[in-house]
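Me: I am a first-year student, and I should like a close look at a single part of this structure. Please take one helix and explain how its residues are placed, and then relate that part to what lies elsewhere in the chain.

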Amino acid sequence: MDDARVGAQLRAARLAARKSMAEVAEEAGLTKGFLSKLERDLANVSVASLIRLCDALGVSVGSLFQPSKGEVVRAGERPAINFGGTGIREYLLTPAHERRMQAILSDLTPGGGSGEETYALPVDVELVFILAGRLELTIDEELIILDEGDAFTFAANARHSWRAAADDAGPTRVLWVVSPALPDTTRYS
């Protein structure tokens, strides 16, 4: 393994998992200092330690030796998701294991949306980009109208709701991006 450098891949996997160096080191039974050296390719790792690290990161050992250029989510293979609301079809655009950010595509019928009750998300920032149609976004009781081509970025913990303009003749298509990705076990408030 002297010729195979895995430090950058270990660091990328740790960042993608949104884990600190201390968390990964503890889960793998290693010291933070040793993990730091591994990520900088300044130390060699045993097979047993590498397997524990990969388990802690949720990646295969083989993935460390084939650096990923990215991951494709094909148009016909987007997983459908359901966050609730009415008149909505939603699809996850980012890989399910991606933790740094999450992108969702929403197709809304006229008047379709999240519902009247506002909610907040347990993430830092949310971006909405209108691909087609018009969206009525209410944040902290302020109505913001977004037309095709408009983008709006806001604190995701602000109470908000949204709906496609009821008077639009056609569907509204919206791209949502949140960072970091929503936790898998979250119950939205």
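Reply: The following account begins with helix α4 and then moves outward to other parts of the chain. Please keep in mind throughout that the model is predicted.

Helix α4 comprises residues 47-57. Six names should be located along this helix: Ser49, Leu50, Leu53, Cys54, Ala56 and Leu57 are buried. These buried residues lie on the same side of α4, because they cover an arc of only 160° around the axis. Val47 and Asp55, by contrast, are exposed and sit on the other side of α4. The buried residues of the helix pack against α1 (7-16), α2 (21-28) and α3 (32-39).

Ser49 deserves separate attention within helix α4. Ser49 counts as buried because its relative accessibility is 10%, and the cut-off for that word is under 20%. The side chain of Ser49 also takes part in a polar contact of 3.2 Å with the side chain of Arg52.

The surroundings of the helix can be read from the backbone. In the loop between α3 and α4 one finds Asp41. This residue is not a glycine, yet the phi of Asp41 is positive, near 55°. Asp41 is partly exposed, at 28% relative accessibility. Just after α4, Gly58 also takes a positive phi, of about 70°. Farther along, the loop between α4 and β1 (80-81) contains Phe65. With a relative accessibility of 37%, Phe65 counts as partly exposed. The C-alpha atom of Phe65 is separated by 34 Å from that of Glu126, a residue 61 positions away along the chain.

Beyond the helix, the salt bridges offer a second view of the chain. The count comes to six salt bridges, and three pairs may be described here.

The pair of Arg173 and Asp107 forms a salt bridge in which the closest N and O atoms are 2.6 Å apart. This pair links distant parts of the chain, since Arg173 belongs to strand β9 (residues 172-179) and Asp107 to strand β3 (residues 102-113), 66 residues apart. Arg173 is partly exposed, at 33% relative accessibility, whereas Asp107 is buried, at 12%.

Arg163 and Glu136 also meet through their side chains in a salt bridge, with 2.9 Å from N to O. Here too distant parts of the chain are linked: Arg163 lies in strand β8 (residues 160-164) and Glu136 in strand β5 (residues 134-139), 27 residues apart. Arg163 has a relative accessibility of 31% and counts as partly exposed, while Glu136 is buried, with a relative accessible area of 17%.

Another salt bridge joins Arg100 to Glu98, with 2.7 Å between the closest N and O atoms. Arg100 is partly exposed, its relative accessible area being 46%. Glu98, on the other hand, counts as buried because its relative accessibility is 13%, below the cut-off of 20%.

Strand β5, which holds Glu136, leads to a further backbone feature. In the loop between β5 and β6 (142-147) lies Asp140. Although Asp140 is not a glycine, its phi is positive, at about 45°. Asp140 counts as exposed because its relative accessibility is 51%, and the term applies to values over 50%.

Strand β9, which holds Arg173, likewise leads to other features. In the segment after β9 stands Pro180. The peptide bond from Ser179 to Pro180 is cis, with omega near -10°. Strand β9 also contributes to a pocket: β9 and β2 (86-92) each supply at least two residues of the lining of the second largest pocket. This pocket has a volume of about 340 Å³. Its lining consists of 17 residues, and those nearest its centre are Phe83, Ser114, Tyr119, Leu121 and Trp162.

To return to the part you asked about, helix α4 has Val47 and Asp55 exposed on one side, while its buried residues pack against α1, α2 and α3.

Conventions
Residues are numbered from 1 along each chain as its sequence is written. This is a predicted model: local features need pLDDT of at least 70, side-chain atom pairs count only at pLDDT 80 or more; totals for chains, interfaces and linings use all residues. Side-chain values use heavy atoms; hydrogens and water are left out. A salt bridge is a side-chain nitrogen of Lys or Arg within 4 Å of a carboxyl oxygen of Asp or Glu. Buried means under 20% relative accessible area, exposed over 50%, partly exposed in between (1.4 Å probe, protein chains only). Helices (H or I, at least four residues) and strands (E, at least two) are DSSP runs, numbered from the N terminus. The arc is that of the directions from the helix axis to the C-beta atoms. Contact means heavy atoms within 4.5 Å. A polar contact is a pair of N or O atoms within 3.5 Å; within protein, one must be able to donate a hydrogen and the other to accept it, and residues adjacent in sequence count only if both atoms are side-chain atoms. On a 1 Å grid over the protein atoms alone, a cavity is a set of points where a 1.4 Å probe fits but cannot get out, and a pocket is an open set with protein on both sides within 12 Å along at least five of seven lines; lining residues have an atom within 4 Å of a point. Grid points are joined across faces, edges and corners, and a volume is the space filled by probe spheres set on the points.
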